[in-house]
Amino acid sequence: MTIRDLARRSQAAAGAKDRESWLGLFADDAVVEDPVGPSPLCPDGRGHRGAAAIARFYDTVIGRTEGLRFEIERSYLCGDEVADVGSIHIALPGGHSTQVRGVFTYRSDGAGRIAALRAYWEFGGGEGNA
């Protein structure tokens with residue numbers, strides 16, 4: 001299984017709101033940076049590190065959506081990493097929706113789990129983002 005396969009499983013599990021499957025894809029010491037750098041989702045910009053922090057990220061970000069749909073326009077597989085270019089279409093409570101365009105990278109731990117998920121997108125309306 002390639003990291004691209006793991007990325008697709010991650011995207012499908014997030015879209016299906018399958019918390020346990022999504023969390024099960026990550027190595028115990030993995031990091032999620034979504035978005036990379038300081039933001040309202042991670043004020044210190046260090047990312048969500050380890051299983052407990054990634055579970056909190058799921059609960060406070062993914063879990064609060066009505067649904068997610070990934071639209072990957074291009075994907076570049078390089079060894080144990082993949083960079084996906086595209087959009088995430090997000091259905092929010094109350095009938096609202098938004099779209100986040102960006103580059104989403106995934107790195108494998110070499111043992112079939114995700115070691116890092118890093119999302120490059122501009123919070124607050126930059127370049128095609130809501």
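## Salt bridges

In this predicted model, D59 and R19 form a salt bridge in which the closest N and O atoms are 2.7 Å apart. Because D59 belongs to helix α3 (residues 51–60) and R19 to helix α2 (residues 19–24), the pair ties together parts that are 40 residues apart in sequence. Both partners count as partly exposed, D59 with a relative accessibility of 35% and R19 with one of 27%. Salt bridges that share partners also bring in E20, so that R19, E20 and D59 are joined into one network.

A search of the whole structure finds seven salt bridges, and another of them is made by E73 and R101, with 2.8 Å from N to O. This pair too links distant parts of the chain, since E73 sits in strand β3 (residues 67–78) and R101 in strand β5 (residues 97–108), 28 residues apart. E73 is partly exposed, at a relative accessible area of 43%, and R101 is likewise partly exposed, at 31%. A further salt bridge joins R69 to E71, where the closest N and O atoms are 3.9 Å apart; a salt bridge is counted here when the nitrogen and oxygen lie within 4 Å. R69 is partly exposed at 46%, and E71 is partly exposed at 35%.

## The sheet

Strands of a sheet pair through backbone hydrogen bonds, and they can do so in either a parallel or an antiparallel sense. In this model, six strands make an open sheet with mixed pairing, and their order across the sheet is β2-β1-β6-β5-β4-β3. The strands at the edges are β2 and β3, each of which pairs on one side only.

Strand β1 (residues 26–33) pairs with strand β6 (residues 114–120) in the parallel sense over four bridges, and V32 stands opposite L117 of β6. With strand β2 (residues 48–49), β1 runs antiparallel and is joined by two bridges, one position of contact being V31, whose bridge partner in β2 is R49. Strand β1 is mostly covered, as six of its eight residues are buried. On the other side of β6, strands β5 and β6 pair in the antiparallel sense over six bridges, and S108 has I114 of β6 as its bridge partner.

## Helices against the sheet

Which strands does helix α1 lie across? Helix α1 (residues 3–15) lies across β3, β4 (81–91), β5 and β6, and its direction runs at about 175° to that of β3. Helix α3 also packs on the sheet, where it touches β1 and β2, and its direction makes about 50° with that of β1.

Several residues of α3 are buried, namely A53, I54, A55, F57 and Y58. The elements that cover the buried residues of this helix include α2, β1 and β2. As a general point, an α-helix has 3.6 residues a turn, so residues three or four places apart point the same way.

## The nonpolar core

In soluble globular proteins, nonpolar side chains tend to be buried together. The largest nonpolar core of this model has 28 residues, and those with the most contacts inside it are W22, F26 and Y106. The elements that give two or more residues to this core are α1, α2, β1, α3, β4, β5 and β6, and among these α1 gives the most, with five residues.

What does Y106 touch, apart from its neighbours within four places in sequence? Y106 is in contact with I3, A7, S10 and Q11, with D80, E81, V82 and D84, and also with I114, A116 and L117. One of these contacts, L117, is also the residue of β6 that stands opposite V32, while another, I114, is the bridge partner of S108.

## Cysteines

A disulfide is a covalent bond between the sulfur atoms of two cysteines. How many disulfides are found in the whole structure? The search finds zero disulfides. C42 counts as buried, with a relative accessibility of 7%, whereas C78 is exposed, with a relative accessible area of 55%.

Note on methods. Residues are numbered from 1 along each chain as its sequence is written. This is a predicted model: local features need pLDDT of at least 70, side-chain atom pairs count only at pLDDT 80 or more; totals for chains, interfaces and linings use all residues. Side-chain values use heavy atoms; hydrogens and water are left out. A salt bridge is a side-chain nitrogen of Lys or Arg within 4 Å of a carboxyl oxygen of Asp or Glu. Buried means under 20% relative accessible area, exposed over 50%, partly exposed in between (1.4 Å probe, protein chains only). Two strands pair if DSSP finds at least two bridges between them. Contact means heavy atoms within 4.5 Å. Axes are lines fitted to C-alpha atoms, for helices over the stretch in contact, and angles run from 0 to 180 degrees between N-to-C directions. A disulfide is a pair of cysteine sulfur atoms within 2.5 Å. A nonpolar core is a set of buried Ala, Val, Leu, Ile, Met, Phe, Trp, Tyr and Cys residues joined through side-chain atoms within 4.5 Å.
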